[in-house]
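Here is a quick walk through one protein chain, written for someone who would rather be at the bench. Have a look at the structure first, and then we'll go through a few spots in it.

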Amino acid sequence: MNDVGRRPAAACPGLAARDSLYTPAHVVELDLAVPGELRSPGGAAAGAPGGRVLALVRLHGHPLGMVSVPGAPGDTADLYRALADAAHRQLAATDAREAPGPGSGPPVRAPGRVTGPAVSVIVATHNRPVMLRQCLDALLRSEHSSYEIVVVDNAPRDDAAERLVRAHYPSRVRFVREPKAGLARAHNRGLTTARGRICAFTDDDTLADPGWLAALERAFDDGAAPDGGPAVGCVTGLILPAELETPAQSALEGHGGFATVTLPAAPYTVVLRRRLRSLCSYEPLLRNGHVLVASSVMTAGLGAVYWVLATSWYRPETVGRSYAVISAVTLLGGIGQLNLADVLMRFAPSAGRHTRRLLLRSYAASGLCAGASAAAFLALVPLVAPGLGFLRGPLVAPFFIAGTIGYAWFIVQDGALTGVRRANWVLGENTIFAVVKTLALALAAAWALGSGILLSWAGALAVSLTVANYVLLRRAVPAHQRAHADGTMPPRLLGYAATDYSGALCRLAAYNIMPLIVLNTLGGARNAYFSLSWVIAYTLYQAAYNMGSSLLVETAHDPTRISELGRRVLRHTGPPLTVAVLLLVVAPWLLSVFGAEYAHEATGVLRLLALSALPNLLLNVAIDVARAHRRLAWAVALQATLCALVLVLTLQLIPRFGLNGVGAAWLLAECALALPLLLTLPRWLPSPARSSR
């Protein structure tokens, strides 16, 4: 091994230039002896990518060096010529002179003299079956005539790797398990079962070059001692990137990457690593969940600014009445969307080419139901919410119905974006909604519009719907359908949706009926105090809900990981818990931003609501785990019990304790459900090691 560390410019001239050090690139291979052909890392055929292209150049299979040129999509011939010209200009002529000819390679052995494979490839793996499959597919493209593959599953959490090998490589790959964690232990376990004269080690995150094993054996044969004994005891080689799709990957490769030697003129191993990708990305469960949580935090933050302005520009009675209208719209929209947002999270990942049809049908069903729900509410306003009688006016009623339909679609599109793994656009659309409604509120206040709160909210909803659905229908869904073309329409979808909907109605009722109860019992001003406290505390509830949404999406991709992913969600609830504790301390200061009367009246209820978010985290995970397992009766029972406890306790406590009675009702109800769930946690969410046995 020589020249450990940074790769010199002569070895990789395309990466030596400072202006391209952080520029992503497409990685390809070409052989000067095979004109016009480009290959992807690992030996598969490649097209002509656009942008910067980094190429490994060979001659009769022998690597000469690396060059970099700009490419044009679809123009393979011109790209090959540009890369070949760059190779002739940049690479040393001695490399080409010392490269082996087209007939070079390991000696051909007579079948009768071979008692076992010449090479044993030992692949250590740990909980990465997708990468393992790509690694094995690349190894099986090897040009060597005599080799075996031994997969060593190192301290796995489940049997996914074993099932992969048994199902797809039953006669071509041998599988062994090493229960003790550690790469050295895995390699030693592989050595005990290897039958080859030479043992080659690689990992599950590599794509082996088709000529790797032949070059490896040739290196041993060329270095043999005069008496025929093995003079060469170990051979290593260059590690090149299989992809450079981000600036971080390109920068790391430009500073040496995983290279251990310079490009030599003698034969060596070329192993193409994909490990760079793991340095700048992490598991979709956490990535999407954290994006959704960030969306909720951002919405709460900008929403707080919105309500600070509203309370500054409008009287408490107007704020309370407007918030009651918005609560009615969100309640009816939630009812009208038929819980199709959660259905899309659960089934869009596997719907494939049926995703667009599933989404449009969801829009149609939710729009009809939301409109009918709004019309029914208007008919019952004198009985259920006399304080909102103005909604029955001939001009206001149509806008109320349209707003309810729009909010139902707003919820459905969030589920669709999450289901196709575009959670970043949930953050984007919520940012648009929050910013636009704040700007519209300022304009409405400047024009002295008494209904400015409602008009700003409705206008922002229309803008965010337009932008988000353009992204969803024109980009996200088509890309998802292309990536999952073999998907099928989910079976028994209607039954799942109907059962899950009943549970969602219970949770919606608990969340959205409360402002109406406070309005009718304590009046508009008190409802304003409660509403702001709920907006702040509800952010903590949303954190648990959003992580659960990501849990549903990822378990749809891999149902065998429900226990592991469920526990991971629980482990990542620390930040919301910390926020809840902080709210208990700084509640008076936080509410004083809205006015002294808000700090005086709402501090107690905010503290109780924030504290209730702690047991809600466990309850929310239990509900989502039950839904992932399709144990819908259990999920519905938990949500129905929560709704009943909250409403009954509120009606009992609010006459005596006022707003604090509402907070106490939530805290008592959540604790009553969370305590037995905590005691039975090993039963409904066993540890991954236990559930795999």
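Let's start with cysteines: a disulfide here is a pair of cysteine sulfur atoms within 2.5 Å. By that rule, this predicted model has zero disulfides. Cys 506 isn't in one, and its nearest cysteine sulfur, on Cys 643, sits 5.3 Å away. Look from the other side and you get the matching picture: Cys 643 is in no disulfide either, with the sulfur of Cys 506 as its nearest at 5.3 Å. Since the cut-off is 2.5 Å, that pair doesn't qualify.

Are these two cysteines buried or exposed? Cys 506 counts as buried because its relative accessibility is 19%, and the cut-off for buried is under 20%. Cys 643 is buried too, because its value is 10%. Leu 79 makes a handy third entry, buried because it has a relative accessibility of 3%.

| Residue | Relative accessibility | Class |
|---|---|---|
| Cys 506 | 19% | buried |
| Cys 643 | 10% | buried |
| Leu 79 | 3% | buried |

Staying with Leu 79 for a moment, you'll find that residue in helix H2, which covers residues 76-90. Leu 79 is 26 residues from Val 53 in sequence, while their C-alpha atoms are 8.9 Å apart in space.

Now for a charged residue. Glu 178 belongs to strand S7, which runs over residues 173-178. What is the nearest side chain of opposite charge to Glu 178? That's Arg 189, at 4.4 Å; Glu 178 is buried yet has no salt bridge. The cut-off for a salt bridge is 4 Å, so the distance of 4.4 Å to Arg 189 misses it. The side chain of Glu 178 does have a polar atom 3.0 Å from the backbone nitrogen of Lys 180. Leaving out neighbours within four places in sequence, Glu 178 touches two stretches of the chain: Val 152, Asp 153, Asn 154 and Ala 155, plus Arg 185, Ala 186 and Arg 189.

Stepping back to the whole chain, there are 25 helices and 11 strands. Of the 693 residues, 53% are buried. Among contacts with a separation of 6 or more, 78% join residues 24 or more positions apart. As for the surface, the chain exposes about 29,600 Å², and carbon and sulfur atoms supply 62% of that area.

Conventions: Residues are numbered from 1 along each chain as its sequence is written. This is a predicted model: local features need pLDDT of at least 70, side-chain atom pairs count only at pLDDT 80 or more; totals for chains, interfaces and linings use all residues. Side-chain values use heavy atoms; hydrogens and water are left out. Buried means under 20% relative accessible area, exposed over 50%, partly exposed in between (1.4 Å probe, protein chains only). Helices (H or I, at least four residues) and strands (E, at least two) are DSSP runs, numbered from the N terminus. Lys and Arg count as positive and Asp and Glu as negative; His and the chain ends are not counted. A polar contact is a pair of N or O atoms within 3.5 Å; within protein, one must be able to donate a hydrogen and the other to accept it, and residues adjacent in sequence count only if both atoms are side-chain atoms. Contact means heavy atoms within 4.5 Å. Accessible areas come from the Shrake-Rupley method with a 1.4 Å probe; for residues, only the protein chains shown count as cover.
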